[in-house]
Amino acid sequence: MRLINQIPILFALLILLIGCLPLFAQEEAQLPKFYLGISYGTSYSIGDFEDTDITNPDAGFAKDGRKIDVFGGFFLSEKTTLTGGFRYQSFETELDDLIERFNTENPGAEFTGSTEDWQTYSFFSWSAYRVKIGKRFNFFPRVGVGPLWATNPGITVNAPNSTITNNFNRSSDTGAGLGYEVGIGLQTNLGKRFSLLPTFTFSSGVVTINDVITVTDNVIVRSDYQPRIQSFNLGLSLGYRFY
């Protein structure tokens, strides 16, 4: 449902791009040497990463988040590009479901909670192949891989004014792993130097966070937490080409 709600916005964006082509876009006669760019967009958490079931050891409790990319690349040929970049993602944590579950299981208790945000950092190297669509529009299937770091949010749920012992707590720490991304990018040139680049990608990665302490109903478990950080990403990028 979250993606369906974004469809009218995506169609409007594509129509705007196509409508602006005759005004701004031009085909460069000379192949650029390299380019730099920045991207901002939304990351939709999926899979175990968004799950809020405390019986699932891999549940991430992640809401939808935001991403920022800073990237640069080289034109290996007229159709092939190699790109490297840094990505930062932030995801809020879904706490209401946990509190509601404890309140339902314990009528009369008033559970409260506190949490933080997921923070992820990654360096990706992408390769992309240009597929030309008409004179002014290019389509880029892309795939990337690179190291990934993530800090999981600390989560606390309890009933401070009750004698009930039910509670949930997970400590926060940072771990490293490997991530990958597949998807597509669209390109239209705004003059000789600038390009507008909407992207639609799926990213996934596993990090190992050592010695995370999880407390469920006063039962303490210390273990290595290996969350799979999965998201569907929509972004709008602006690139600058150097000749």
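## Overall fold

In the protein chain, 72% of the contacts with a separation of 6 or more are made by residues that lie 24 or more positions apart. The model is a predicted one, and its protein chain contains two helices together with 13 strands. Among the 243 residues of this chain, 44% count as buried, while the surface that the chain exposes comes to about 12,400 Å², with carbon and sulfur atoms supplying 60% of that area.

## Nonpolar cores

The largest nonpolar core has 13 residues, and those that touch the most other members are F61, L98, F111, I155, V157 and F168. Helix α2 (96-105) and strand β8 (155-158) each supply at least two residues of this core, and the largest share, three residues, comes from α2.

F168 gives a useful view of this region: when its neighbours within four places in sequence are left aside, F168 is in contact with I54, F61, L98, F102, I155, T156, V157, T214, V215 and T216. There is also a second, separate core of 11 residues, which includes A62, W118, A150 and V207.

## A nonpolar patch on the surface

On the surface, I38, Y40, I68, V70, F194 and L238 make a nonpolar patch of about 550 Å². The elements that give two or more residues to this patch are β1 (34-45) and β2 (62-75).

One of the patch residues, I68, has its place in strand β2. I68 counts as partly exposed because its relative accessible area is 37%, a value that falls between the cut-offs of 20% for buried and 50% for exposed.

Key:
Residues are numbered from 1 along each chain as its sequence is written. This is a predicted model: local features need pLDDT of at least 70, side-chain atom pairs count only at pLDDT 80 or more; totals for chains, interfaces and linings use all residues. Side-chain values use heavy atoms; hydrogens and water are left out. A nonpolar core is a set of buried Ala, Val, Leu, Ile, Met, Phe, Trp, Tyr and Cys residues joined through side-chain atoms within 4.5 Å. Buried means under 20% relative accessible area, exposed over 50%, partly exposed in between (1.4 Å probe, protein chains only). Helices (H or I, at least four residues) and strands (E, at least two) are DSSP runs, numbered from the N terminus. Contact means heavy atoms within 4.5 Å. Patches are made of residues with over 30% relative accessible area and no salt bridge: like charges are joined within 9 Å, nonpolar side chains (Val, Leu, Ile, Met, Phe, Trp, Tyr) within 5 Å. Accessible areas come from the Shrake-Rupley method with a 1.4 Å probe; for residues, only the protein chains shown count as cover. A salt bridge is a side-chain nitrogen of Lys or Arg within 4 Å of a carboxyl oxygen of Asp or Glu.
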